[in-house]
Amino acid sequence: MAGGCLWPQRCAISDSYPRPKPMSESDITHVEDAFVAAVDRCKKVGYRMRFPLRLVKRARENWTDKPLFIRISATNWAEGPEKGSDGEWKQWGIERSKVFVGELKSLGVDLVDTSSGGNWVQQKILLKHGCQVPFAAELKAAHRDIFIGAVGLLTNH
């Protein structure tokens with residue numbers, strides 16, 4: 001792709017911005033291909049994992065002599081299947097959290113603290129004593145060699 005500011009057509013965004021060069025057919029194809037490749041990567045690893053995993057990797061590299069704890073939301077409490085029949089992830093839930101914890105473990109996280117909810121406006125959280133504990137138990141069953149904790153509504157009323 002040619003250098004400089006490219007745009008599908010030659011039009012100035014503002015007088016204080018550089019005048020863009022019109023994109024060639026090969027420039028447009030290059031951008032399309034980059035978007036398709038990004039979608040394919042997201043399908044494989046799950047878009048919502050990429051950024052936090054990068055942060056955890058850097059944190060672990062700089063926090064070498066102390067335990068590293070991470071709190072996750074094990075589910076969004078969204079309705080419908082977590083994974084579609086086509087194999088694509090549709091929402092965040094316990095199965096995706098199991099994958100995420102495996103990735104966290106491979107980066108050297110010492111403890112995953114389990115919470116849930118807060119990311120879907122129509123969520124219906126079943127608030128009761130110890131409501132996060134079943135999520136923590138599932139994560140521990142899937143990953144016996146990492147510490148798993150639970151938070152929220154753990155004290156007596």
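**Exercise 1. The elements of the chain**

Task: Count the helices and strands in this predicted model, then give their order.

Solution.
Step 1. Count each kind. The chain has four helices and five strands.
Step 2. Walk along the chain from the N terminus. The elements come in the order β-β-α-α-β-α-β-α-β.
Step 3. Look at the whole chain. It has 157 residues, and 31% of them count as buried. Its accessible surface is about 10700 Å². Carbon and sulfur atoms make up 57% of that surface.
Step 4. Ask how far apart in sequence the contacting residues lie. Take the contacts with a separation of 6 or more. Of these, 59% join residues 24 or more positions apart.

**Exercise 2. The open sheet**

Task: Find the order of the strands in the three-stranded open sheet, and say which strands stand at its edges.

Solution.
Step 1. Read off the order. It is β3-β4-β5, with parallel pairing.
Step 2. Find the edges. β3 and β5 (147–150) each have a single partner strand, so one side of each has no neighbour in the sheet.
Step 3. Check the twist. Ignoring direction, neighbouring strands are turned by 25° against each other on average.
Step 4. Look closely at one pair. β3 and β4 (residues 111–115) are joined in the parallel sense over five bridges. Ile 70 is opposite Val 112 of β4. Ile 72 has Thr 114 of β4 as its bridge partner.

**Exercise 3. The cover on β4**

Task: Decide whether the residues of β4 are buried or exposed, and examine each face.

Solution.
Step 1. Recall the cut-off: buried means under 20% relative accessible area.
Step 2. Apply it to the strand. Five of the five residues of β4 are buried, so the rest of the structure largely encloses this strand.
Step 3. Split the residues by face. Leu 111, Asp 113 and Ser 115 lie on one side. Val 112 and Thr 114 lie on the other. Both faces are covered.
Step 4. Find helices that pack on the sheet. α3 lies across β3, β4 and β5, and runs at about 165° to β3. α4 also touches β3, β4 and β5, and its direction makes about 170° with that of β5.

**Exercise 4. Helix α3 and the nonpolar core**

Task: Describe α3, then work out which element gives the most to the largest nonpolar core.

Solution.
Step 1. Take the length. α3 has 13 residues and reaches 18 Å from first C-alpha to last, close to the 18 Å expected.
Step 2. List its buried residues. They are Ile 94, Arg 96, Ser 97, Phe 100, Val 101, Gly 102 and Leu 104.
Step 3. Turn to the core. It holds 20 residues. Ile 72, Leu 104, Val 109 and Val 112 have the most contacts inside it.
Step 4. Name the suppliers. α2 (47–62), β3 (69–73), α3 (94–106) and α4 (133–142) each give at least two residues. α3 gives the most, with four.
Step 5. Follow one core residue. Beyond four places in sequence, Leu 104 touches Leu 53, Val 56, Ile 70, Ile 72, Val 109 and Val 112.
Step 6. Set this against a general tendency. In soluble globular proteins, nonpolar side chains tend to be buried together.

**Exercise 5. Two residues compared**

Task: Classify Ile 148 and Ala 142 as buried, partly exposed or exposed.

Solution.
Step 1. Place each one. Ile 148 is in strand β5. Ala 142 is in helix α4.
Step 2. Use the cut-offs: buried is under 20%, exposed is over 50%, and partly exposed is in between.
Step 3. Classify. Ile 148 has a relative accessible area of 19%, so it is buried. Ala 142 stands at 38%, so it is partly exposed.
Step 4. Find the contacts of Ile 148. Leaving aside neighbours within four places, they are Val 101, Val 112, Thr 114, Ala 136, Leu 139 and Lys 140.
Step 5. Compare sequence with space. Ile 148 and Arg 71 are 77 residues apart along the chain, with C-alpha atoms separated by 9.7 Å. Ala 142 and Val 99 are 43 residues apart, with 9.2 Å between C-alpha atoms.

**Exercise 6. Positive phi**

Task: Examine the phi angles of Trp 77 and Gly 108.

Solution.
Step 1. Start with the rule. Most residues other than glycine have a negative phi.
Step 2. Take Gly 108. This residue comes just after α3 and has a positive phi of about 95°.
Step 3. Take Trp 77. Its phi is positive, about 60°, although it is not a glycine.
Step 4. Locate Trp 77. It is in the loop between β3 and α3. At 17% relative accessibility, Trp 77 is buried.

Terms used: Residues are numbered from 1 along each chain as its sequence is written. This is a predicted model: local features need pLDDT of at least 70, side-chain atom pairs count only at pLDDT 80 or more; totals for chains, interfaces and linings use all residues. Side-chain values use heavy atoms; hydrogens and water are left out. A nonpolar core is a set of buried Ala, Val, Leu, Ile, Met, Phe, Trp, Tyr and Cys residues joined through side-chain atoms within 4.5 Å. Buried means under 20% relative accessible area, exposed over 50%, partly exposed in between (1.4 Å probe, protein chains only). Contact means heavy atoms within 4.5 Å. Accessible areas come from the Shrake-Rupley method with a 1.4 Å probe; for residues, only the protein chains shown count as cover. The expected span of a helix is 1.5 Å times one less than its number of residues. Two strands pair if DSSP finds at least two bridges between them. Axes are lines fitted to C-alpha atoms, for helices over the stretch in contact, and angles run from 0 to 180 degrees between N-to-C directions.
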